[in-house]
Amino acid sequence: MRYSKMLLPTLKESPSDAEVVSQKLMMRAGMIRKVAAGIYTLLPLGLRAVRNVERIIREEMNRAGAQEVSMPVVIPAELWQESGRWDEYGKELLRLRDRHDREFCLGPTHEEVVTDMVRREVRSYRELPLNLYQIQTKFRDEIRPRFGLMRGREFVMKDAYSFHATAESLDAEYENMYRAYTRIFERCGLAFRAVEAETGAIGGRFSHEFMVLAESGEDAIASCAKCAYAANIERAEVREPEALKPASGQAVERVSTPGMKTIEEVSAFLKTRPELMIKTLIYETDKGLVAALVRGDHQINEFKLKKVTGAQWVKLAEEAQVQKATGAPVGFAGPVKLSIPIYADFGVRNISDGFTGANELDAHLKHVNASRDFHAAYADLRNAEAGDRCPRCEGTFEIKRGIEVGHIFKLGTKYSEAMGATFLDEEGKERVITMGCYGIGVGRTAAAAIEQNHDEAGIIWPRPLAPFDCMVLPVNVKDEETRKAAEALYDELRSEMEVLLDDRDERAGVKFKDADLIGIPVRVTIGERNLKQGKVEIKERRSGDVRLVDLKEAAVEVKKSLS
């Protein structure tokens, strides 16, 4: 491709509304342009990178035995009403009506559509298992779209759905998809971890997220330094701590703490450590109010609380509810003599001579002994932290940042049961199909690659995702010998790889800055001085290594650099 013929509008400065590295660099490199909040046009350079991600995904999904289909973006409300998600999904579901006043939505995901298709076409266990996938545009009306392709409203996703006669068959396909995803992200040239995760709005009983490791990642990952265990911070298991020293036996004592509400304020005022504080949070659930206890230096994990209580949802109680349940304003709740159900993290169980709210304005209690002064149901209720012991081995956790690019789920029968997707087994009995679901954010993967691979000058593409493999850069296109040498090398290389010829009549400095910005793996610079000696300069974008080679050997040397 000739630069002079390509729509590649690079920018010297980042747009003021660009927030993260990938968004800034994709805008500056002429890869994307904003149309509306969370909606972008992919320009030629950006589309080439995204197509490379799609190609790798498609090859590995086909290799894994999945079959590609294409489902509609516009979905009738009836299908979502059957699954129950029409009312549950919330405002992220963009709803619309046609000229006949029939309700539709723009698909944020396609469980309902694919389940409807399979229930119409599959009749027998002989037709199972089945894995169907598509690479298609989705729309989720995010309340605050941000970060360019990382969290847009309109985005391209690979979503696959598998259908099975047995749970054992689903388990086998889940492992098959796990291996396929591992190959996909390895081929993309990314550093990543597969982590246990919550299933969220998709549902199901088990899932893994595939996280590209990057300091800018939105998600925290607890990763064992010794074994392969890793989990999203929402799901990471925390081992029960060892016992603390015995209590002193002193009776509970009320102390005045005027205006002191936070852990930091109270612990400083009472001259104690936050880990001896019992933080009491009042939650509203669909089953009523509950109290959740964690150590003062720990953070409650609402996903774990929801599981332990068996509730469909949990949320922090309103101030009036807290006042009614505890007799005190927010900030002074404590478990002693509390009449609502109490759930406590394992870390609370061994607290002795601790401190907690007195359920009274401007007052706290000291010398609280968890095993003596209140009754609670104990469980793992907090977020994992660096240094926590791994639940699988004797190692400890490291906390890393990650960008979710893929998510695989064991859905079970959530959708098939609701929508009547059944099959006849070997005995002719009707049974509900068991399902799995497997997604990859295509544009997000390209953006995550930039978050992980960049420097102060611009993007450093992993070769498999690079929009071009090589750039041929004649310093002065007005010089006939330089131009001819560049054209000849360009013609020689492009029969074997994707090449961009920077044939613009621009200053060398401008060309070099653009080359570094767009991040093509190898650049061949052809200048008059070197050319007189029969030499050209090869620069590798990632390492920065520069070497002079014979013009006649340039094509071979470029291929060596890319190998």
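Helices here are DSSP runs of H or I with at least four residues, strands are DSSP runs of E with at least two, and both are numbered from the N terminus. On that basis the protein chain of this predicted model comes to 17 helices and 31 strands.

**Overall build**

The C-alpha trace of the protein chain spans about 95 × 70 × 50 Å along its principal axes, and buried residues make up 54% of its 563 residues. Among contacts between residues at least 6 apart in sequence, 68% join residues that are at least 24 apart.

**The five-stranded sheet and its helices**

One open sheet contains 5 strands in the order β28-β27-β29-β30-β31, and its pairing is mixed. Strands β28 (499–501) and β31 (546–550) stand at the edges with a single partner strand each, so one side of each is left without a neighbour in the sheet. From one strand to the next, the twist averages 25°. Strands of a sheet pair through backbone hydrogen bonds, either parallel or antiparallel. For β30 (residues 535–540) and β31 the sense is antiparallel, over 5 bridges, and within this part of the sheet Glu-537 has Leu-548 of β31 as its bridge partner.

Two helices that pack on or lie across these strands are set out below.

| Helix | Residues | Strands involved | Angle to β27 |
|---|---|---|---|
| α14 | 480–493 | β27 (470–474), β28, β29 (522–526) | about 165° |
| α15 | 508–518 | β27, β28, β29, β30 | about 175° |

Helix α15 includes Asp-516. Is this residue, Asp-516, buried or exposed? Its relative accessible area is 16%, and because buried means under 20%, Asp-516 counts as buried. Leaving aside neighbours within four places in sequence, Asp-516 is in contact with Ala-457, Gly-458, Ile-459, Arg-523, Lys-539 and Arg-541.

**An enclosed helix**

Helix α13 (residues 442–452) has 10 of its 11 residues buried, so it is largely enclosed by the rest of the structure. The buried residues of α13 include the charged-name positions Arg-444 and Glu-451, along with Val-442, Gly-443, Thr-445 and Ile-450.

**Cysteines**

How many disulfides does the structure hold? The structure holds 0 disulfides, and two cysteines serve to illustrate this. A disulfide is a covalent bond between the sulfur atoms of two cysteines. For Cys-105, the closest cysteine sulfur belongs to Cys-437 and lies 15 Å away, too far for a bond; Cys-105 itself counts as buried, at 0% relative accessibility. For Cys-393, the closest cysteine sulfur, in Cys-224, is 3.5 Å away, which is also too far for a bond because the cut-off for a disulfide is within 2.5 Å. Cys-393 likewise counts as buried, at 16% relative accessibility.

**The second largest pocket**

The second largest pocket has a volume of about 400 Å³. It is lined by 24 residues, of which Lys-261, Lys-279, Thr-280, Leu-281 and Gly-331 are the closest to its centre. The elements that give two or more residues to this lining are α7 (263–269), β14 (277–285) and β18 (354–357), and β14 gives the most, with 6 residues.

Technical notes
Residues are numbered from 1 along each chain as its sequence is written. This is a predicted model: local features need pLDDT of at least 70, side-chain atom pairs count only at pLDDT 80 or more; totals for chains, interfaces and linings use all residues. Side-chain values use heavy atoms; hydrogens and water are left out. Two strands pair if DSSP finds at least two bridges between them. Axes are lines fitted to C-alpha atoms, for helices over the stretch in contact, and angles run from 0 to 180 degrees between N-to-C directions. Contact means heavy atoms within 4.5 Å. Buried means under 20% relative accessible area, exposed over 50%, partly exposed in between (1.4 Å probe, protein chains only). On a 1 Å grid over the protein atoms alone, a cavity is a set of points where a 1.4 Å probe fits but cannot get out, and a pocket is an open set with protein on both sides within 12 Å along at least five of seven lines; lining residues have an atom within 4 Å of a point. Grid points are joined across faces, edges and corners, and a volume is the space filled by probe spheres set on the points.
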